[in-house]
Each structure stands twice: as structure tokens, then as C-alpha cells.
Amino acid sequence: MSVWRPVPNLNSAQSEAVHTLKGPLLVLAGAGTGKTRVITYRIAELIKSGIDPSRILAVTFTNKAAREMRQRALTLLGRRKAGAAVPEISTFHSLCVRILRRHARRLGYPDAFSIYDRGDQETLARQALRDIRVSSGNLRPGDLISFIGGWKNKGILPQAAAEGAEGDRAELAGEAYAKYQSQLRASGAMDFDDLLLLTNRLFSEFPDARLAEAKRFDHLLIDEYQDTNDLQYRIVKAMADRHRNLCVVGDDDQSIYGWRGAEIAHILGFRDDWPEAKVVRLESNYRSLAPILAYANTLIAHNSTRHKKVLNPSRDGGTAPRILRFEDEAKEAEEVVLQIQQLLVSNSETPVLPSDIAILFRTNEQPRVFEAELRRTKIPYILVGGQSFYDRREIRDVLSYLRVLANPLDEVSLLRVINTPTRGIGTSTIEALLEFAVAAGTSLWSALPAALRSVQLPAATILRVEGFRSLIEQFRSKQGELPIPELMRELLQVIDYRSELERLHTGPGEAEARWGAVEELVNAAALYEQREKAATLVGFLEEATLSDRDDTPDEDKPQQRALTLMTLHSAKGLEFPHVFLVGMEEGILPHQRSVIEGQGVEEERRLCYVGVTRAQETLTLTFTRARMKWGQPRPSIPSRFLAEMRGETERAMRAAAAAEALFNKKQSEPESETTEASARTKAEKKAKSTKKAKGKARTVKSAQQNSARGGKVAHAAETMNPRKELEVQGPAQARVSPGTSRSSEMPIQGPRGAGAPHANEKKKFPVRA
DNA sequence: ATCAAGCTATTTTTT
DNA sequence: ATAGCTTGAT
């Protein structure tokens, strides 16, 4: 996807970075200046200088980046003997898993501990919230997960979290965190944050383990260092302080993971930890044409906390980025795709392929319309990060079986498969068994034999549960003997999963399609087994959980020439000849939430900067006049960043002010029309729904909270009255919107080369009078 | 155990 | 608008 330009020579700064083989090194590199190339060349250089490749560890942000780096490093080194040592290149998370596998017992986890992804986390979070009988309105699973993530990233344990929690939501989250974590622990499972957290704990509680791990490598290289969070930072220090051969590469202007705990301070303060560090700056941009770079530079200059640097173009020519406005998101999609079609058929000397084009957006709801349009026009595309292969129901089912085989303590998986396919073990049975297990203080799995003896259940049910148990036992013992694909096939056969799919999915061809996915998973297992010398079930599961969400097993099938649809976050590190950055509106980019909280607009600006700097040849920025939200069209305000990029600071400030006024109003405008009566009905309703929760004191508390909230809830619906919305927005819109009296400040182009313009085109793109 | 009907909230980004 | 959930009828 990204073009590995065959520049034979490195420029002097790059060369300096590549050839500084010893000691700490900070490479501060702007977008498109060859960061990754520096790391890759450096790895090759280290190996050429006689370093044992297996003593080199490089850490990347994504698995995809790791894969590419591995490949490129090997290419640079030329042909090597088969089976020769290779450098270890992986993400932080994969690295931690490998470390933890070696020491799991010492931390009280089974060797075959499970790794829980976002979906598993949600299941667990839902359970935890149900346990403390909080009505779902107060704190949703997703909210809980972000609370927990925040705490874990700071190394805060449940008890401390509960004590330090301020406010209703935080308190509830603190309580739920304890449940969540103990369930996770009891399941012999770790979530993504645990991987980092537990590695740190291992290192601090067991110095010998830390030493042993640190001693495995003599060189450490970290890509995208600006996005390291505190846990990762500590791991880096722990791994590198022995040899001090640490090379970090990053760009503070591209730090876009603050919400996940990333700290720019780590890259800005690198020299505090490594005083002898050499610093190299890369400012020659090889990627984008000058006009694109000019926009990027002007935009990012609006941020206050950053290392000042200016990217210098190394290529001449190019046209200014285009800014287009459309009536609504449907038109936006339609016209962008139309333009793409024209790009694709343009018969210049260098034909444009779909794979040369990317559509970038801020939020995951945006691509829908584009997908529909691309499918209609038969342009091949890949949606990065959408519902991935591994999120499909049938895939999760099969993987859950495998996880139970590897680690029967894994309760999320166990509960998923205990009645899949339906085998007559219903909720009440499961609840009774669980209750017994909880009382006995053990996991469901280990409690099963005793539970079946003492819990009152119909004889038939006992037989079914026993049948399930022996099924799992039976396959558990086959685990080591049988190759993974064989194991899977046999299991699928025995549980007759195919019939289950046919029963569940009656649509034409649907069951077949789903079974096809299952077969693909079996194939993936076969491929894994072929590739991996020491293939294990655990290893396969690990790969399935940690691998990029976008790399489906049938990776190199037809999608080679596909256009890319992805979020700005996923676009980091990539480049495309032609980029469409869509939805450039206040509320989307910068996102409403970052505006309301007052913080984070700088990060949104960096996000925009990342988007702009992905483009090599052309950049098109689009926004709409109005966008559907909750079934109603709402007028949009063009993003302040559009104005900023063009140096129209005044206008940008007006856009910002208008957006802030609008969003804050929506948030906190006091109620007006809501009658007491309607508020009361609502509260009553809510209270009723909580009533049947069994808890005593807790139930009362939630009910009270709910009724306290009733008024606000009812009122929120009121402010959403569309007519009111329009009144509120009308003037604000007029002030900042191009196409009205002030629009000459920001000329908006209609779609270029749209052949014979339709009669109504003026309406679609009101290009000022 | 399964399904249709009705209700709800919709406030980002991901290893 | 719509996904995701609960509820009540089979």
C-alpha cells in the first residue's frame, strides 16, 4: 500500500540516524520524512555490522507495520540462509504476551491464559454491571471499559480506583472494576491493558525475570514513540537500561492516542531519561507535493504544545488541495465516488488504480454511505477496521470452543459455548450452576462435577451438562496429539455446527456463507501450523486475538487493487497518491466531544494533520451543508481546520466559537417545556424496570438515582426538537458558512471536470454569487 | 427456545 | 434511522 520508494541514498540526517549504532538516539521526524525507513535501515546496518539478529528487538504500533518492517529489513539484507536468525519485530502487546507466557505461573495465571479482546471485555463489563445491579442507563459497558482502561493505564488497581473515585459514575465504575477484574482473573484471562500492566508487575516484583527478559536483547528500537503510554514507557526503560542501545522514532505532531493514555511528554522529555542521547531531526518530506505540505504546515502551526518544525517539500509541482461542499452525506458519498471514477478512467500516462486512493474519515459511522456507493459503482474497496472476520458470530463461537480447550477456566468462552449449539442447557440451569461455583469460590468449570451432584436439577439436564463436560474433556486430551485444523474439523463434526448454522440462518446462501467463514478459520489454522515451527493451540488463539483486525485470513486474494476506506487513526504511517478527507465539519473533526471538554482540540488538529499528510499527489477535503443525525438532518458548520489550513485564522475562530456555543447549549441548556408530569412518568417507568433487580439496598439506590435523573432525561429529548435546533443553529450557520455573504473568503469548488454540469448543479454546490 | 413488536439512546478514535 | 435490547406470545 505505502510506496517503498527505491531511494538508494539516505539524506545526511537519515544517514546520521541510521549509522548511530550505539547509545540512546531520538529521531524526531515529521510526516513523510522516512521514519520507518530509518529504523529499517538501521536494523539492517546493525546486522551488517555483525550484531546477532536475534539480539535486536524492534517495536511497532501495529502488526501490519511489524510485518512490513520485517519484510523490508530482510529485503535490505539480501538473501540469507534459510532458518537464519531474524530480528524480533512486534507490537508491544505481542511482545508482552511472549514475556508473560514465560512467567505466567509466577503471577498466578495459567500458562495457557486467555487474552480478551474488546468483545470479551464487553461481555465481562455487562456481567459486572449486572452483578451490582446498576440499570444500564447509568453506566454502559463501553463506559465502564473506558474507565477501566484509564485506571489500568495508570497502574491503578480496583481498590485504589474505588477509593479515589469521584462522582456517581466513577464510583459505580470503581465497584464494577473490582468485579470485572476478579472475574477476569478467575478466568485465567488478561485483557489488552493487563498485558502491559502485568508485564510491568512482573518486572517490578521479580527482578530476576526482568533481567532475564532484558538480557535477551542488546538493541531496542521503537517506532511511533509519541504514542507510548505510561506502561509502555516503563517497559521500554526496563528493557533498555542495561544496554542503553535504544533508538526511538516519532513525531510529536502525530500523537493521536492521548485518549488511550499516550503521553507526548515521553518523546519531548526523552533526554531527561537518557541524557547522553543523540537527537536527529528529519524535516525533508519525500511524500507530499508542496501545496499539500503547505496546508499541513499552516494547520499544525496552530498547536501550542509542540516541537517547532517545518516540513520541507522535496518534490515540485502539484495543485492546491480542493475543498468541496455537498448538500448532505449522501451527496458527499455520491460525488466523491463520482470523482474517484473519473480519476480511475483518466488516461494520463500513469493510470490510477483503486489502491492509489484512500477515503479517510473520523468516525466509524461515516463510511457506510461510501460503502454503499462504492458497491453500486463496483469499485473494489477494503474497509479497514470495520467488523472484522474475527468478530463474526460463528468465528467467535469456534474460537470460544478452542479457548475453552486451551483454558477451561475461561468463563466468558465457556458460557458462550455451553449451549451452542443449543443442547438444552438453559439460563436457569446455568445460573444454578454458577451460583454453586461462586459459593464454592471456584470457577464454573472446576465446580461442575460437584455441582452436578448437589444442585437440584432434572435428571435429563444433568445428563446434558455431563455430556458437554465430557465432550470438552475428550477434546482437551486430543489437543496435543492432533494438528489444530484436524482438531477443529473433528470438533465441528461432533457438535454438528453446520446444522446449527443452517438452523439459525435460513436466508438464501447465508448458512453456506457462514460455514465458509468457519472453513476459512480452519484454513487459517492450517496456515499457522505450516508457518510456525512450534505451533500450539494457544499460539493460534493468540494470533487470532492480537492480529490486526483488518487482515482477514484470505489476505492476498482479490483486494490487491482495492481502494481503502479507513479512519484517520488507522491511516497513521500510510500514504496514498490520492486522498479524500471527508466530513470536515465541526462536531466530527474536531469531534464534538473534544470540543465540549475543551481539551483535545489540539489532538484533533494533529489527527487532521495526519490525514492531510497521508496524501502524495492530490488531496480533497469535503464537508456537507447538513448531515443526518438521529433521523433528522442538522445543519453543519465547516471545520475550523479548513480555515486554519488556508491561513484564515479569523474565520477559524468564528467557526470554533459557533461550534462551542452550539455544543455546549445542547449539553446543558436548562429545561423549559418538560412538564413535571412527564418527568415523573419517565422516572416511574425507569424505577419499575429496576425493581425486579434482586438487590436490596442497591436497588433502592439505583431507583433513586434514576428518578433524580428523570427530569434531565426527559428534557434531553426536548432539546432535540428539530425545529428548535434550526432556530438555534440558523444564525451561527450563516456567520461561518461559505456560500453566504462572506463566502468569498473561502472559495468552494464544485466537482472538477464533472463533464457537462447538470442543471441543478448550482443547487448542489452553491458557489457564492 | 424463538420470534415479532416495542422501546431505548445515539457523546470518537484501537492494540 | 436504526441497532440493540427487553418483553410477551407461541
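1. A good place to start is the surface: chain A exposes about 34700 Å², and carbon and sulfur atoms supply 52% of this area (Shrake-Rupley method, 1.4 Å probe; for residues, only the protein chains shown count as cover). Please keep in mind that this is a predicted model, in which local features need pLDDT of at least 70, side-chain atom pairs count only at pLDDT 80 or more, and totals for chains, interfaces and linings use all residues. Residues are numbered from 1 along each chain as its sequence is written, chains are lettered from A and ligands numbered from 1 in the order in which they are written, and side-chain values use heavy atoms, with hydrogens and water left out.

2. On the overall build, chain A has 769 residues, of which 52% count as buried (under 20% relative accessible area, 1.4 Å probe, protein chains only). Chain A holds 34 helices and 18 strands (DSSP runs numbered from the N terminus: H or I of at least four residues for helices, E of at least two for strands). Among contacts with a separation of 6 or more, 79% link residues 24 or more positions apart (contact: heavy atoms within 4.5 Å).

3. Now to the sheet. Six strands form an open sheet with parallel pairing, in the order β3-β2-β6-β7-β1-β8 (strands pair if DSSP finds at least two bridges between them). Its edges are β3 (88-91) and β8 (278-282), each pairing on one side only. On average, neighbouring strands are turned by 15 degrees against each other, direction ignored (axes are lines fitted to C-alpha atoms, for helices over the stretch in contact; angles run from 0 to 180 degrees between N-to-C directions).

4. Within that sheet, β6 (residues 219-222) and β7 (residues 246-250) run parallel and are joined by three bridges. Leu221 stands opposite Cys247 in β7.

5. Two helices deserve a look here. Helix α2 (residues 35-48) lies across β1 (25-29), β2 (56-60), β3, β6, β7 and β8, at about 165 degrees to β6. Helix α3 (residues 63-77) packs on the sheet and touches β2 and β3, its direction making about 165 degrees with that of β3.

6. Finally, the DNA. Strand B is surrounded by 26 residues, the closest being His93, Arg140, Arg362, Asn364 and Arg503 (near: a heavy atom within 4 Å). Of the atoms of DNA strand B within 4 Å of the protein, 49% belong to sugar or phosphate and the rest to bases. Helices α26 (568-571) and α31 (676-691) each supply at least two residues of the surface near DNA strand B.

7. Individual side chains are worth checking too. A polar side-chain atom of Trp259 lies 3.1 Å from a base oxygen of DNA strand B, and one of His569 lies 3.3 Å from a base oxygen. For Thr567, the partner is a phosphate oxygen of DNA strand B, at 3.0 Å.

Note on methods
Buried means under 20% relative accessible area, exposed over 50%, partly exposed in between (1.4 Å probe, protein chains only). A polar contact is a pair of N or O atoms within 3.5 Å; within protein, one must be able to donate a hydrogen and the other to accept it, and residues adjacent in sequence count only if both atoms are side-chain atoms.
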